[in-house]
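Trainee: I have a structure open and would like to go through it with you. Could we begin with the sheet?
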Amino acid sequence: MTAQFKNRLVGTIFLVALGVIIIPDILDGKKTRVEEEFNAIPFAPKVDSLPPLLIDLPNEQELAATEQADGASGAEQNGSSQQETLAKKDSGDTKPAAKAVDTPQLEFAKPSYIVQLGTFKNSQNVTRLVAKLREAGFQAHSYPEPAVEGELNRVFVGPNVSKKTLEQQQSKLKELTGLSGKIREFDPLFK
């Protein structure tokens, strides 16, 4: 190869590379930049910020009201003792005594049972399933209530004290929903 041919070949390659790289940028005109929009993933909620699962336990006022109601039914049987206590209250001779209310500890002698039908992420499926079960006459609920989209939502049927009753209901649940579920002990403080 001669030097003149080499120079022409290098020049041609240089011009072609220049045309391929620079000319499209010039002919395109003004470029618009497309910035992708994105949503930041939120931080996981703090456990303290979640609402607690509340179960209505009887407070002191309700216990006192039930004791009074029990006392009223006992008053029909013991009318004279009721009149004596009223006479003592009206006489004014009694000293105000400190209230010593013993709050009974709630102890469950027998465990209760529930059927956990499943765990779902789609909240619409959870609400439809719970509504379908309630229409069929089952005591159905989900946790968390109401169902939260994108989080795990559990669907339960029960509670019931009789495990045999729930075992019998499992076949009906299987026919209705296609889910057999699992029987487990019911814990009212379950989270």
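Mentor: We shall discuss the sheet, a helix beside it and one residue of another helix. Please keep in mind that this is a predicted model.

Trainee: In what order do the strands of the sheet come?
Mentor: The open sheet has 4 strands in the order β2-β3-β1-β4, and their pairing is antiparallel. Strands of a sheet pair through backbone hydrogen bonds.

Trainee: Which strands stand at the edges?
Mentor: Those are β2 (140–143) and β4 (182–186). Each has a single partner strand, so one side of each is left without a neighbour in the sheet.

Trainee: By how many degrees are neighbouring strands turned against each other?
Mentor: The average is 40 degrees, with direction ignored.

Trainee: How many bridges join β1 to β3?
Mentor: There are 6 bridges between β1 (residues 112–120) and β3 (residues 153–160). Within β3, N153 is the residue opposite F120. The pairing of β2 with β3 has 4 bridges, and A140 stands opposite V157 in β3.

Trainee: Which side chains of β2 are buried?
Mentor: A140 and S142 are buried and point to one face, whereas H141 and Y143 point to the other and are not buried. In a regular strand the side chains alternate between the two faces of the sheet.

Trainee: Which helix lies across β1, β3 and β4?
Mentor: That is helix α6 (residues 163–177), which runs at about 30 degrees to β1.

Trainee: Now to S123: is S123 buried or exposed?
Mentor: S123, in helix α5 (residues 123–135), has a relative accessible area of 14%. The cut-off for buried is under 20%, so S123 counts as buried.

Trainee: What is S123 in contact with, leaving aside neighbours within four places in sequence?
Mentor: S123 is in contact with A147, V148, E149 and N153. N153 is also the residue that F120 stands opposite in β3.

Methods: Residues are numbered from 1 along each chain as its sequence is written. This is a predicted model: local features need pLDDT of at least 70, side-chain atom pairs count only at pLDDT 80 or more; totals for chains, interfaces and linings use all residues. Side-chain values use heavy atoms; hydrogens and water are left out. Two strands pair if DSSP finds at least two bridges between them. Helices (H or I, at least four residues) and strands (E, at least two) are DSSP runs, numbered from the N terminus. Axes are lines fitted to C-alpha atoms, for helices over the stretch in contact, and angles run from 0 to 180 degrees between N-to-C directions. Contact means heavy atoms within 4.5 Å. Buried means under 20% relative accessible area, exposed over 50%, partly exposed in between (1.4 Å probe, protein chains only).
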